[in-house]
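Got your viewer open and a hand on the mouse? Let's take a walk through this one, one selection at a time.

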Amino acid sequence: MSERRLRLASQVIALLGTAITAYLLYVRQTGAGLACTTGGCETVQNSPYAELFGMPVAALGLVGFLGVFAAAAAPGGWARLTQATLAISALLFSAYLIYTQIVLIGAICEWCLAGDVLISALAALAILRLRLTPLPPAIPSRAPQHPKRRPNGSRTSLSRANRPPARVRHKR
Amino acid sequence: MRRLPYSRHRFTVVIAAAVAIATILIAASQVSARGAEQQATAATPSEPRVSPPGTSFAAGISQHGAALGSPSAPLTLVEYADLQCPYCGQWSRETLPVLVDRYVRPGKLRIVFNGMAFVGPDSDRALRTAVAAGRHDHLWEVVHGLYENQGAENSGWVTDELIGEIVARVPGLDARALLDERWTDSVDPEIRRASAAASAAGVKSTPSFQLGPTGGRLELISVTSLAPDGIVPAIERALGTR
């Protein structure tokens, strides 16, 4: 898969995650009913683990997904590193949140699980993007170069550094 | 696109940074959650440990087994709860008295307690005591008393002494007889019935609630918070449609 496709897929998944966390944040702020088939969403959302010092974890997730989206949209080495760092840290934190749901809270929030699945996919894409790095332009090509022609038609001599390796030179 | 030789150094740096960030977040979550739980515990009234006689929230309301309120109330709310579940305790302390005053006392609502015991040994001791009290139509005083004195999960907080204190405040209930009765086979059918009802309703967490017309089909409802405004709209809607 090309880097362009990896970035595009990451952006789409990050947008889906943004939508989920925005919905959870909206429900939390407005007190609207939360669509939930497991019956555990409210328990999880009302648990002390749903906040970090007063800030909803959904808000943290929203910022995280937007950060991954921005890093996926940007080209370059720093963007790749940022995307991978954000996505992998989010994956580790989401693993901890799954543990809190199952062991500490005793309830499962399907919206949170959906977010966790998206984070896993984002982490995989970020690692792939990190490994499929294109050659930086600063690396010189090793292909043999042809001597340039002067305006009077004569050839310039190749400098020692630009000469083809001895093994590809032909004897007359 | 060309694939470069895998850069182990770069990946190590990314992993180290990610682990550092995740560790900070997890530590923050633990500290934050612990602080919130301590606040909740501090907010729980500890004195007096047991409501004085005559001031029980259920005083003057008819009880039949696990049901609180008039059997002819148009609406029934079934609560599925574990007596060790902290969120069940919070709901019982904050919201149940409001519902009792607003709907149960005027005869609009009947509340049924379907106890579950999945957290641990204290859950079982507490539930068997509550069910035994229900056989004498005093389940709700015991349930409320246990929630008011709820301790840390499986710390051995459901002691005979605590139950004795709670029961001593309930007129017509003998603590010694209740402590003996809870371990007899007489409470098992009710516990099995509640467990089967929870499975049939699709209950996956506590507290969970079913609401519907008395004697009719009950629906599992979604509560938006443990505060009264998390369930009152659903009750109002159900009453409005009748």
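Start inside chain B. Select B:Ala66, B:Phe113, B:Gly115, B:Leu127, B:Val131, B:Leu139, B:Glu190, B:Ile191 and B:Ala194, and you have the lining of the largest cavity. Strand 4 (109-116), helix 4 (121-134) and helix 8 (188-201) of chain B are the elements that give two or more residues to that lining. Helix 8 of chain B has the largest share, with three residues. Try colouring the lining by class: you should get seven nonpolar, one polar and one charged. The volume of this largest cavity is about 40 Å³, and the count of cavities of 30 Å³ or more comes to two. Keep in mind as you go that this is a predicted model.

Next stop: two helix pairs. Two packed helices are described by the angle between their axes and the distance between the axes.

Keep helix 4 of chain B on screen and add helix 5 (residues 139-148) of chain B. At what angle do helix 4 and helix 5 of chain B pack? The angle is about 155 degrees, and the axes are 7 Å apart. Angles over 145 degrees count as roughly antiparallel, so helix 4 of chain B is roughly antiparallel to helix 5 of chain B. To see where they touch, select B:Ala126, B:Thr129, B:Ala130, B:Val131, B:Ala133 and B:Gly134 on the helix 4 side, then B:Leu139, B:Val142, B:Val143 and B:Leu146 on the helix 5 side. This contact has eight nonpolar residues, two polar ones and no charged ones. Spot two old friends here: B:Val131 and B:Leu139 also line the largest cavity.

Now move to helix 2 (residues 86-94) and helix 3 (residues 96-104) of chain B. Their axes are 3 Å apart, at an angle of about 40 degrees. From helix 2 of chain B, pick B:Trp91, B:Ser92, B:Arg93 and B:Glu94; they meet B:Leu96, B:Pro97, B:Val98 and B:Leu99 in helix 3 of chain B. By class, that contact splits into five nonpolar, one polar and two charged residues.

Before leaving, show chain B as a cartoon. Its secondary structure comes to nine helices and six strands, and 46% of its 242 residues are buried.

Over to chain A. Here you'll find five helices and two strands, running α-α-β-β-α-α-α from the N terminus on. Chain A has 172 residues, and 38% of them count as buried. Take contacts between residues at least 6 apart in the sequence of chain A: 69% of them join residues at least 24 apart.

For an example of a residue pair, click A:Ala90, in helix 4 (residues 77-105) of chain A. Is A:Ala90 buried, exposed or partly exposed? With 26% relative accessibility, A:Ala90 counts as partly exposed. Now draw a distance from the C-alpha atom of A:Ala90 to that of A:Leu122: the two are 32 residues apart along the chain, and the distance is 9.3 Å.

Last stop: the second largest pocket, with a volume of about 660 Å³. It is lined by 36 residues, and the closest to its centre are A:Val57, A:Gly61, A:Phe93, A:Leu97 and A:Ile119. Which helix gives the most to this lining? Helix 4 of chain A does, with 10 residues. Now bring chain B back, since helix 1 (8-43) of chain B is among the elements that supply at least two residues each. Colour by class once more, and the lining divides into 24 nonpolar, 10 polar and two charged residues.

Conventions: Residues numbered from 1 in each chain as written. Chains lettered and ligands numbered in written order. Predicted model: local features only at pLDDT ≥ 70, side-chain atom pairs only at ≥ 80, totals over all residues. Heavy atoms only, no water. 1 Å grid on protein atoms, 1.4 Å probe; cavity = no way out; pocket = protein on both sides within 12 Å on 5 of 7 lines; lining within 4 Å. Points joined across faces, edges and corners; volume = space filled by probe spheres on them. Helix = DSSP H or I, 4+ residues; strand = E, 2+ residues; numbered from the N terminus. Nonpolar A, V, L, I, M, F, W, Y, C, P; charged D, E, K, R; others polar. Axes fitted to C-alpha atoms, helices over the stretch in contact; angles between N-to-C directions. Parallel < 35°, antiparallel > 145°, perpendicular 65-115°, else oblique. Contact = heavy atoms within 4.5 Å. Buried < 20%, exposed > 50% of the residue type's maximum accessible area, 1.4 Å probe, protein only.
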